[in-house]
Amino acid sequence: AERVVPGEPRARVLMRAPTVTTDTAGEAPTEHLAVLGSPIAHSKSPAIHAAAYRELGLAWSYGRAELVADELEAFLQAHLHGGWRGFSLTMPLKNEAFRLAALHDPVALESGVVNTLLRLDSERQPWAGFNTDVGGLAAAIARADLDASRTVILGAGATAVSALLAARDRGADRVTIAARRPEAASALTDRFRRPGSHLEGVGLGEEELRDVAEGATLVISTLPGAAGGALQLPRELFAAALFDVAYDPWPSPLAELWRVHGGVARAGSEMLIEQARLQLRIFVAGDPGAPIPGEEAAVEAMRRSI
């Protein structure tokens, strides 16, 4: 079917229709997908996508591959054929994936980050890039009924960009980016500051965070799992709920720190599920904004898989 790629209203590309079967047992996969990144062995994406495909009756496979950023271009070139439908991208590939995508959805364009690539039927423009992290995190925050009005984000990488946009989506009127390199935090605030918004960058230390800790309602950690446990944080910050994008192992070192101080910590597994919901729409229909038949049952199957 011919579809318009979101974010590129004048670009029309041909996309393969999904292969749907009523029983996948014993069948060879008709389409292949995978999650790419480093480290990748811990990823639960293969399990949750496989569960969704089984629920939908899709004869698709979903694997994983260990890659760093300078390997991605050659990898994608090698996987233009052979039934490869698309890829999920995790650290450290999200910025490079944005560079390599020929077309981008609006969220990817705003963020400059791509975590999903869809194979297009075009040799000249083979990959469309999407960002499902923003929508996935916003949905997870809403599902947990967390107050994002005054949000502190730990880290300043690609996922921090998505966290900033998700917090705004959830109505944040003040967002603070805290990073080990204050200049990285300031670069993000300069890039996304807009009239009427309160956006600031600070260092990732107890003294630097003290002024913003009072009154914070939500802390979103985008740090690698092991990094959070070594932080020295002001005591006032633990009154805010923690949403840690890390989910394996759980509780993370940062979540343990939160619980020691009597705070509430939420795992990133729900973000994983909600962003995978959007990826499922992309891989099946090419549109993250269009629910697909059987979606809710597929999402419940994903939740059960983890």
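The radius of gyration used here is taken over C-alpha atoms, and the globule rule is 2.2 Å times the number of residues to the power 0.38. Keep that handy, and remember that this is a predicted model.

**Exercise 1. Work out whether the overall size of the protein agrees or disagrees with that of a compact globule.**

Step 1: Start with the chain, which has 306 residues; a compact globule of that length would have a radius of gyration near 19 Å.

Step 2: Now take the model's own value, 19 Å, which agrees with the rule.

Step 3: For a feel of the outline, the C-alpha trace spans about 55 × 40 × 30 Å along its principal axes.

Step 4: Look inside. Buried residues make up 56% of the 306. Of the contacts with a separation of 6 or more, 67% are between residues 24 or more positions apart.

Step 5: Finish with the outside. The accessible surface comes to about 13,000 Å², and carbon and sulfur atoms own 50% of that. As for charge, the mean positions of the 30 positive and 38 negative charges are 2 Å apart.

**Exercise 2. Find which elements cover the buried residues of helix α1.**

Step 1: Locate the helix: α1 is residues 45-56, and its 12 residues reach 16 Å from first C-alpha to last, close to the expected 16 Å.

Step 2: List what is buried: Ser45, Pro46, Ile48, His49, Ala51, Ala52, Tyr53 and Leu56. A bit of helix geometry helps when you view this list: an α-helix has 3.6 residues a turn, so residues three or four places apart point the same way.

Step 3: Find the cover, which includes strands β3 (31-37), β4 (60-66) and β5 (84-89), along with helices α10 (269-285) and α11 (295-305).

Step 4: Check what follows the helix. Just after α1 comes glycine 57, with a positive phi of about 75°.

**Exercise 3. Decide whether arginine 281 is buried or exposed, and say what it touches.**

Step 1: Place the residue: arginine 281 lies in helix α10. The end C-alpha atoms of α10 are 24 Å apart, which agrees with the 24 Å its 17 residues should span.

Step 2: Check the helix as a whole: 16 of the 17 residues of α10 are buried.

Step 3: Apply the cut-off. Buried means under 20% relative accessible area, and arginine 281 has 11%, so arginine 281 is buried.

Step 4: Leave aside neighbours within four places in sequence, and the contacts of arginine 281 are Gly286, Asp287, Pro288, Gly289, Ala290, Pro291, Ile292 and Glu295. Gly286 follows α10 and has a positive phi, near 80°.

**Exercise 4. Track down the backbone oddities at proline 92, proline 249 and aspartate 145.**

Step 1: Recall the usual pattern: most residues other than glycine have a negative phi, and most peptide bonds are trans.

Step 2: Check the prolines. The bond from methionine 91 to proline 92 is cis, with omega near 5°, and proline 92 sits in the loop between β5 and α3 (94-100). Aspartate 248 and proline 249 are also joined by a cis bond, with omega about 0°; proline 249 is in the loop between β13 (241-244) and α9 (253-260).

Step 3: Check phi. Aspartate 145 has a positive phi of about 55° although it is not a glycine. You'll find aspartate 145 in the loop between α5 (133-143) and β9 (150-154).

Step 4: Judge exposure. Exposed means over 50% relative accessible area, and at 68% aspartate 145 therefore counts as exposed.

Methods. Residues are numbered from 1 along each chain as its sequence is written. This is a predicted model: local features need pLDDT of at least 70, side-chain atom pairs count only at pLDDT 80 or more; totals for chains, interfaces and linings use all residues. Side-chain values use heavy atoms; hydrogens and water are left out. Buried means under 20% relative accessible area, exposed over 50%, partly exposed in between (1.4 Å probe, protein chains only). Contact means heavy atoms within 4.5 Å. Accessible areas come from the Shrake-Rupley method with a 1.4 Å probe; for residues, only the protein chains shown count as cover. Lys and Arg count as positive and Asp and Glu as negative; His and the chain ends are not counted. The place of a charge is taken as NZ of Lys, CZ of Arg, CG of Asp or CD of Glu. Helices (H or I, at least four residues) and strands (E, at least two) are DSSP runs, numbered from the N terminus. The expected span of a helix is 1.5 Å times one less than its number of residues.
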